[in-house]
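Let's take a walk through this model together, with the structure open beside the text. We will begin in a loop, pause at some unusual backbone spots, and then visit the sheet and a pocket.

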Amino acid sequence: MKIYLVGGAVRDELLGLAVRERDWVVVGARPEELLDRGFKPVGKDFPVFLHPQTSEEYALARTERKTGPGYRGFDTMFSPDVTLEQDLERRDLTINAIARDEATGQLVDPFHGQRDLQERWLRHVSPAFVEDPVRVLRLARFAARFAPLGFRVAPETMELLREIAARGELGALVSERVWQETQRALEMPAPRQFFEVLREGNALPVIFPEIHALFGIPQPEQWHPEIDTGVHTMMVLDQAARLTEDPVVRFAALTHDLGKATTPTHELPRHIAHEERGVGIVEEMCDRLRIPNAYRELGVLVSRYHLHMHKVAELRPNTVLELLESLDAFRRPARFEQFLLACEADARGRKGLEERDYPQPEYLRRAREVAASTTLSAEEREGLQGFEIAKRLHDKRVHALKELKRQHAGGETKETPPDPAH
């Protein structure tokens, strides 16, 4: 029996990165031998065991054979006769197919993963890559993680992505797995690369038709020098990644302009009322992929109100208060801050405007503070009931916001906001 450290742990060690988790492969052993050593069995489809002290996963070396469509259509075979090289050959990328001998520390690298680490290639191990459509998502996620280190997808591997798409295998992906990989990609340093790889591999129209539909849709060059709505969306996602690590904000940035794909042709390049049209598309995407409510709620709010945010200093005080109430800003300050970040990403996600001044968040924060601190005294409440109290408080807050707007107009130079239809 021989034991090897495999996969991401070896890869990250060689890259000088922190190792998140350690997985092991056991060669030349039977399940009974691990059970006798106190290992706890946890695998359902193939023998995986937890170490009695470290709880790290130890899997018996195995091979896989394609038997049906999708990522579940595999037969797994394990026995003491399966070699380490056979086990590594079933893995997706060469950089994930390197092993380290537990006893000697020697690296085993039959598919030249070390070379690809040095040359910064994401390359498939074997033609069997096309047999599992989940690998399309995993590859795109690895691109989102490692792009800042200079990694890119090998041309021959990109061709296999296109082959998977052409074969219709992507239709076998279940919603939960698509979202699981997407959520992880949104947490990566370069989430834009996840969608760029899917697009280049012809997978985006199948997995994210709402995002794919944005490419080729024009916008007014005056407000969007990049012109293409899909390009703008990717730039906004870049800015969101720059502003925050929060995947919920990044998702809202990604989906803020989905309504532009449904703009009638005769209205282009303007996009009148795209904000409200986008709300339904965000909700449909969240239903299809079973996306958690936190993502859905912020995505809907940013789609519906991002143009309000861009022109907030121009809005009537009553409209500003309505915006704060619609955002539930008084009771949910953390989500309010997420909204501000996503809108800032939209403002900066435009060619040549990445470093633009964007004072709107500070103005709306101040408006929230002013409104929240405006309350009714006991004397002002006297004789009032229910709706009357709410109406009196509303009017008092609007008056306070009028004073804020007056002070702002007198003391600051206002930036010209984007056209409301853009």
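P269 sits in the loop that runs between α12 (247–255) and α13 (274–289). The peptide bond joining L268 to P269 is cis, with omega at about 10 degrees. Keep in mind that this is a predicted model, so the angles here are computed ones. In general, most peptide bonds are trans, and most residues other than glycine have a negative phi.

That second habit brings us to two more loop residues. N202 is found between α8 (192–200) and α9 (204–207), and its phi is positive, near 65 degrees, although the residue is not a glycine. How buried or exposed is N202? N202 is partly exposed, its relative accessible area being 42%. I227, in the loop between α10 (209–212) and α11 (229–243), also has a positive phi, about 70 degrees, without being a glycine. With a relative accessible area of 34%, I227 is partly exposed.

Now turn to the sheet. Seven strands make up an open sheet, and if you trace across it you meet them in the order β3-β4-β5-β2-β1-β8-β9, with mixed pairing. The edges belong to β3 (40–41) and β9 (107–108); each has a single partner strand, so one side of each is left without a neighbour in the sheet. Strands of a sheet pair through backbone hydrogen bonds, in either a parallel or an antiparallel way. For a parallel example, look at β2 (residues 23–27) and β5 (residues 57–60), which are joined by four bridges. Within this pair, W24 has Y58 of β5 as its bridge partner. Helix α1 (residues 8–15) packs on the sheet, where it touches β1 (2–6), β8 (99–101) and β9, and its direction makes about 60 degrees with that of β1.

Our last stop is the largest pocket, which holds about 1600 Å³ of space. Which residues come closest to its centre? Of the 41 residues in the lining, they are R62, R90, R91, R138 and R177. Several elements give two or more residues to this lining, namely α1, β2, β5, β6 (62–66), β7 (74–78), α5 (134–146) and α7 (175–186). The most comes from α5, with six residues. Sorted by class, the lining has 22 charged, 13 nonpolar and six polar residues. Helix α1 and the parallel strands β2 and β5 thus turn up again here, among the elements of the pocket lining.

Technical notes: Residues are numbered from 1 along each chain as its sequence is written. This is a predicted model: local features need pLDDT of at least 70, side-chain atom pairs count only at pLDDT 80 or more; totals for chains, interfaces and linings use all residues. Side-chain values use heavy atoms; hydrogens and water are left out. Two strands pair if DSSP finds at least two bridges between them. Contact means heavy atoms within 4.5 Å. Axes are lines fitted to C-alpha atoms, for helices over the stretch in contact, and angles run from 0 to 180 degrees between N-to-C directions. Buried means under 20% relative accessible area, exposed over 50%, partly exposed in between (1.4 Å probe, protein chains only). On a 1 Å grid over the protein atoms alone, a cavity is a set of points where a 1.4 Å probe fits but cannot get out, and a pocket is an open set with protein on both sides within 12 Å along at least five of seven lines; lining residues have an atom within 4 Å of a point. Grid points are joined across faces, edges and corners, and a volume is the space filled by probe spheres set on the points. Ala, Val, Leu, Ile, Met, Phe, Trp, Tyr, Cys and Pro count as nonpolar, Asp, Glu, Lys and Arg as charged, and the others, Gly among them, as polar.
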